[in-house]
Amino acid sequence: MMETTKQILRELSSDAREGPSVLPLAPDLYPPEAIRAAIDAYSEFCLLERLDRGDGVMGLSVQVRPAFSADARRIFGELLNFLLRAAVEHGHERHAP
Amino acid sequence: MVRHGSAPESMAIVEGRVAIEIDTAIYGLDAILRAGYKFTDRCYVFIDRPAKRSDRVVVFLAHKTDAASLEADVGEFCNELLDQQVRQSLAREFGGIRTLIVAQAFSEGNLLDTQRDDGDYQTDPQGTLQRR
(Lines give C-alpha, C1' and ligand atoms only; values in the text may rest on other atoms or scores of the structure.)
Protein backbone atom coordinates (compact mmCIF):
# COMPACT_ATOMS: atom_id res chain seq x y z
CA MET A 1 0.00 0.00 0.00
CA MET A 2 1.31 3.49 -0.84
CA GLU A 3 2.79 5.59 1.94
CA THR A 4 0.23 8.36 1.31
CA THR A 5 -2.60 5.85 1.61
CA LYS A 6 -1.26 4.58 4.91
CA GLN A 7 -0.84 8.11 6.21
CA ILE A 8 -4.37 9.23 5.33
CA LEU A 9 -5.92 6.06 6.71
CA ARG A 10 -3.94 6.60 9.89
CA GLU A 11 -5.16 10.20 10.16
CA LEU A 12 -8.75 9.01 9.88
CA SER A 13 -8.31 6.39 12.57
CA SER A 14 -8.16 8.36 15.81
CA ASP A 15 -7.74 11.73 17.46
CA ALA A 16 -4.07 11.03 18.22
CA ARG A 17 -1.77 13.22 16.11
CA GLU A 18 1.98 13.36 15.66
CA GLY A 19 2.72 16.61 13.84
CA PRO A 20 1.24 17.87 10.58
CA SER A 21 -0.12 15.66 7.77
CA VAL A 22 0.43 16.53 4.13
CA LEU A 23 -2.48 15.95 1.77
CA PRO A 24 -1.51 15.55 -1.90
CA LEU A 25 -4.07 17.49 -3.98
CA ALA A 26 -4.02 16.70 -7.70
CA PRO A 27 -5.14 19.84 -9.61
CA ASP A 28 -7.62 17.93 -11.80
CA LEU A 29 -9.34 16.66 -8.65
CA TYR A 30 -8.97 19.61 -6.29
CA PRO A 31 -8.78 22.97 -8.10
CA PRO A 32 -6.94 25.91 -6.46
CA GLU A 33 -10.28 27.63 -5.66
CA ALA A 34 -11.33 24.63 -3.56
CA ILE A 35 -8.03 24.67 -1.66
CA ARG A 36 -8.31 28.42 -1.01
CA ALA A 37 -11.88 28.02 0.23
CA ALA A 38 -10.85 25.21 2.60
CA ILE A 39 -7.96 27.25 4.01
CA ASP A 40 -10.30 30.20 4.61
CA ALA A 41 -12.92 28.02 6.27
CA TYR A 42 -10.64 25.89 8.48
CA SER A 43 -7.85 28.26 9.53
CA GLU A 44 -9.59 28.74 12.84
CA PHE A 45 -9.34 25.03 13.63
CA CYS A 46 -6.13 24.01 11.88
CA LEU A 47 -2.72 25.29 10.90
CA LEU A 48 -2.87 25.03 7.11
CA GLU A 49 -0.08 25.63 4.64
CA ARG A 50 -0.03 25.19 0.89
CA LEU A 51 3.04 23.36 -0.37
CA ASP A 52 4.24 23.28 -3.96
CA ARG A 53 5.64 19.78 -4.40
CA GLY A 54 7.04 20.64 -7.83
CA ASP A 55 5.43 17.69 -9.63
CA GLY A 56 2.21 19.56 -10.53
CA VAL A 57 0.56 18.30 -7.34
CA MET A 58 -0.15 20.79 -4.58
CA GLY A 59 0.28 19.71 -1.01
CA LEU A 60 -1.74 20.93 1.92
CA SER A 61 -0.08 20.64 5.30
CA VAL A 62 -2.70 20.17 8.01
CA GLN A 63 -2.23 20.31 11.74
CA VAL A 64 -5.26 20.56 14.01
CA ARG A 65 -4.73 23.34 16.56
CA PRO A 66 -4.00 22.08 20.08
CA ALA A 67 -7.19 23.65 21.42
CA PHE A 68 -9.20 21.26 19.24
CA SER A 69 -7.01 18.18 19.59
CA ALA A 70 -9.75 16.24 21.40
CA ASP A 71 -11.83 16.51 18.23
CA ALA A 72 -8.97 16.14 15.73
CA ARG A 73 -10.36 13.20 13.77
CA ARG A 74 -13.69 14.91 13.14
CA ILE A 75 -12.06 18.23 12.18
CA PHE A 76 -9.60 16.50 9.83
CA GLY A 77 -12.41 14.46 8.25
CA GLU A 78 -14.71 17.46 7.83
CA LEU A 79 -11.84 19.35 6.19
CA LEU A 80 -11.52 16.51 3.65
CA ASN A 81 -15.26 16.64 2.98
CA PHE A 82 -15.18 20.42 2.62
CA LEU A 83 -12.38 20.11 0.06
CA LEU A 84 -14.36 17.53 -1.91
CA ARG A 85 -17.59 19.54 -1.87
CA ALA A 86 -15.71 22.65 -2.98
CA ALA A 87 -14.01 20.64 -5.73
CA VAL A 88 -17.37 19.42 -7.05
CA GLU A 89 -18.89 22.90 -6.87
CA HIS A 90 -15.96 24.51 -8.67
CA GLY A 91 -16.08 21.67 -11.18
CA HIS A 92 -19.69 22.70 -11.91
CA GLU A 93 -18.47 26.22 -12.57
CA ARG A 94 -15.74 24.90 -14.87
CA HIS A 95 -18.25 22.88 -16.89
CA ALA A 96 -20.96 25.55 -16.99
CA PRO A 97 -21.78 26.76 -20.54
CA MET B 1 -12.42 -1.37 -9.65
CA VAL B 2 -12.06 -4.75 -8.11
CA ARG B 3 -14.50 -6.41 -5.72
CA HIS B 4 -13.70 -6.61 -2.05
CA GLY B 5 -11.70 -9.73 -1.36
CA SER B 6 -10.69 -10.53 -4.91
CA ALA B 7 -7.71 -8.19 -5.07
CA PRO B 8 -6.44 -6.92 -1.74
CA GLU B 9 -4.03 -4.48 -3.40
CA SER B 10 -7.01 -2.62 -4.91
CA MET B 11 -9.17 -2.35 -1.83
CA ALA B 12 -8.22 -2.46 1.81
CA ILE B 13 -10.64 -2.18 4.73
CA VAL B 14 -8.83 -1.52 8.01
CA GLU B 15 -10.67 -0.70 11.24
CA GLY B 16 -13.52 1.26 9.76
CA ARG B 17 -11.49 2.87 6.99
CA VAL B 18 -11.10 1.84 3.38
CA ALA B 19 -8.99 2.76 0.36
CA ILE B 20 -10.50 1.86 -3.01
CA GLU B 21 -8.42 2.01 -6.18
CA ILE B 22 -10.44 3.02 -9.26
CA ASP B 23 -9.52 2.83 -12.93
CA THR B 24 -10.30 6.22 -14.51
CA ALA B 25 -10.62 4.61 -17.94
CA ILE B 26 -13.84 3.03 -16.64
CA TYR B 27 -15.12 5.72 -14.27
CA GLY B 28 -14.55 9.38 -15.14
CA LEU B 29 -13.26 11.90 -12.61
CA ASP B 30 -16.59 13.71 -12.51
CA ALA B 31 -18.44 10.50 -11.67
CA ILE B 32 -15.89 9.69 -8.95
CA LEU B 33 -16.09 13.19 -7.43
CA ARG B 34 -19.89 13.20 -7.48
CA ALA B 35 -20.15 9.73 -5.95
CA GLY B 36 -17.76 10.83 -3.20
CA TYR B 37 -19.78 14.02 -2.68
CA LYS B 38 -22.93 11.98 -2.02
CA PHE B 39 -21.17 10.08 0.75
CA THR B 40 -19.98 13.11 2.66
CA ASP B 41 -23.11 12.96 4.84
CA ARG B 42 -22.04 9.67 6.41
CA CYS B 43 -18.33 9.27 5.63
CA TYR B 44 -15.15 11.30 5.48
CA VAL B 45 -14.00 11.14 1.87
CA PHE B 46 -10.69 11.94 0.22
CA ILE B 47 -9.53 11.26 -3.32
CA ASP B 48 -5.88 10.86 -4.24
CA ARG B 49 -4.02 10.07 -7.43
CA PRO B 50 -1.16 7.60 -7.04
CA ALA B 51 2.12 9.22 -8.08
CA LYS B 52 3.06 6.60 -10.68
CA ARG B 53 -0.42 5.69 -11.95
CA SER B 54 -2.11 8.54 -13.81
CA ASP B 55 -4.90 6.15 -14.86
CA ARG B 56 -5.92 5.42 -11.27
CA VAL B 57 -7.34 7.27 -8.32
CA VAL B 58 -7.70 6.09 -4.75
CA VAL B 59 -10.85 6.95 -2.81
CA PHE B 60 -10.63 6.90 0.98
CA LEU B 61 -13.77 6.40 3.02
CA ALA B 62 -13.98 6.46 6.79
CA HIS B 63 -17.36 6.26 8.45
CA LYS B 64 -18.13 9.25 10.65
CA THR B 65 -19.73 7.35 13.51
CA ASP B 66 -20.46 3.69 12.77
CA ALA B 67 -17.35 1.86 11.58
CA ALA B 68 -19.26 -1.42 11.45
CA SER B 69 -21.41 -0.24 8.55
CA LEU B 70 -18.45 0.65 6.35
CA GLU B 71 -18.54 -2.58 4.36
CA ALA B 72 -22.14 -1.89 3.36
CA ASP B 73 -21.15 1.68 2.52
CA VAL B 74 -18.42 0.41 0.21
CA GLY B 75 -20.99 -1.62 -1.73
CA GLU B 76 -23.30 1.38 -1.95
CA PHE B 77 -20.41 3.57 -3.04
CA CYS B 78 -19.64 1.19 -5.90
CA ASN B 79 -23.29 1.31 -6.99
CA GLU B 80 -23.31 5.10 -6.72
CA LEU B 81 -20.17 5.27 -8.84
CA LEU B 82 -21.85 3.24 -11.58
CA ASP B 83 -24.99 5.36 -11.31
CA GLN B 84 -23.02 8.58 -11.68
CA GLN B 85 -21.06 7.21 -14.63
CA VAL B 86 -24.27 6.22 -16.43
CA ARG B 87 -25.73 9.67 -15.73
CA GLN B 88 -22.64 11.28 -17.24
CA SER B 89 -22.82 9.05 -20.31
CA LEU B 90 -26.54 9.75 -20.81
CA ALA B 91 -26.00 13.48 -20.35
CA ARG B 92 -23.25 13.41 -22.96
CA GLU B 93 -25.39 11.40 -25.39
CA PHE B 94 -28.79 13.01 -24.90
CA GLY B 95 -28.02 16.34 -23.23
CA GLY B 96 -28.79 18.29 -26.39
CA ILE B 97 -32.17 16.61 -26.84
CA ARG B 98 -33.05 17.17 -23.18
CA THR B 99 -32.23 20.86 -23.50
CA LEU B 100 -34.39 21.12 -26.60
CA ILE B 101 -37.35 19.37 -24.94
CA VAL B 102 -37.16 21.66 -21.90
CA ALA B 103 -36.81 24.74 -24.12
CA GLN B 104 -39.81 23.64 -26.18
CA ALA B 105 -41.87 22.95 -23.04
CA PHE B 106 -41.35 26.50 -21.81
CA SER B 107 -41.62 28.14 -25.20
CA GLU B 108 -44.86 29.59 -26.62
CA GLY B 109 -44.06 28.86 -30.24
CA ASN B 110 -42.70 25.85 -32.02
CA LEU B 111 -38.91 25.99 -31.87
CA LEU B 112 -38.34 23.30 -34.45
CA ASP B 113 -40.87 24.43 -37.00
CA THR B 114 -41.88 28.07 -36.67
CA GLN B 115 -44.23 27.86 -39.68
CA ARG B 116 -46.33 25.14 -38.05
CA ASP B 117 -48.01 27.41 -35.49
CA ASP B 118 -47.54 30.80 -37.08
CA GLY B 119 -48.13 30.00 -40.74
CA ASP B 120 -51.17 31.21 -42.65
CA TYR B 121 -53.54 28.49 -43.87
CA GLN B 122 -54.19 30.44 -47.04
CA THR B 123 -50.56 30.48 -48.08
CA ASP B 124 -50.27 26.83 -46.98
CA PRO B 125 -46.52 26.89 -46.14
CA GLN B 126 -46.54 23.18 -45.29
CA GLY B 127 -48.09 22.26 -48.62
CA THR B 128 -50.80 20.23 -46.96
CA LEU B 129 -53.22 20.77 -49.81
CA GLN B 130 -50.87 19.43 -52.44
CA ARG B 131 -51.53 15.97 -53.82
CA ARG B 132 -48.88 13.37 -53.07
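## Exercises on a predicted two-chain model

The structure is a predicted model. In it, the contact draws 20 residues from chain A and 23 residues from chain B.

**Exercise 1.** Determine which elements of chain A give two or more residues to the side that touches chain B, and state which of them gives the most.

*Solution.* Begin with the elements that give two or more residues to this side: they are helix H1 (3-11) and helix H3 (72-95) of chain A. Next, consider their shares: H3(A) gives the most, with 8 residues. Finally, sort the residues of this side of chain A by character: 12 are nonpolar, 6 are polar and 2 are charged.

**Exercise 2.** Describe the sheet of chain A: the order of its strands, its edges and its twist.

*Solution.* First, establish the order: 3 strands of chain A form an open sheet, arranged S1-S3-S2, with antiparallel pairing. Second, identify the edges: strand S1 (21-25) and strand S2 (46-52) of chain A each pair on one side only. Third, state the twist, which averages 25 degrees from one strand to the next.

**Exercise 3.** Characterise the pairing of S2(A) with strand S3 of chain A, and then find the helix that packs on the sheet.

*Solution.* Start with the pairing: S2(A) and strand S3 (residues 58-64) of chain A run antiparallel and are joined by 7 bridges. As one particular pair, A:Asp52 has A:Met58 in S3(A) as its bridge partner. Then turn to the helix: helix H2 (residues 32-42) of chain A packs on the sheet and touches S1, S2 and S3 of chain A. The direction of H2 makes about 155 degrees with that of S2(A).

Definitions and conventions: Residues are numbered from 1 along each chain as its sequence is written. Chains are lettered from A and ligands numbered from 1 in the order in which they are written. This is a predicted model: local features need pLDDT of at least 70, side-chain atom pairs count only at pLDDT 80 or more; totals for chains, interfaces and linings use all residues. Two residues are in contact if their C-beta atoms, placed from the backbone, lie within 7 Å. Helices (H or I, at least four residues) and strands (E, at least two) are DSSP runs, numbered from the N terminus. Ala, Val, Leu, Ile, Met, Phe, Trp, Tyr, Cys and Pro count as nonpolar, Asp, Glu, Lys and Arg as charged, and the others, Gly among them, as polar. Two strands pair if DSSP finds at least two bridges between them. Axes are lines fitted to C-alpha atoms, for helices over the stretch in contact, and angles run from 0 to 180 degrees between N-to-C directions.
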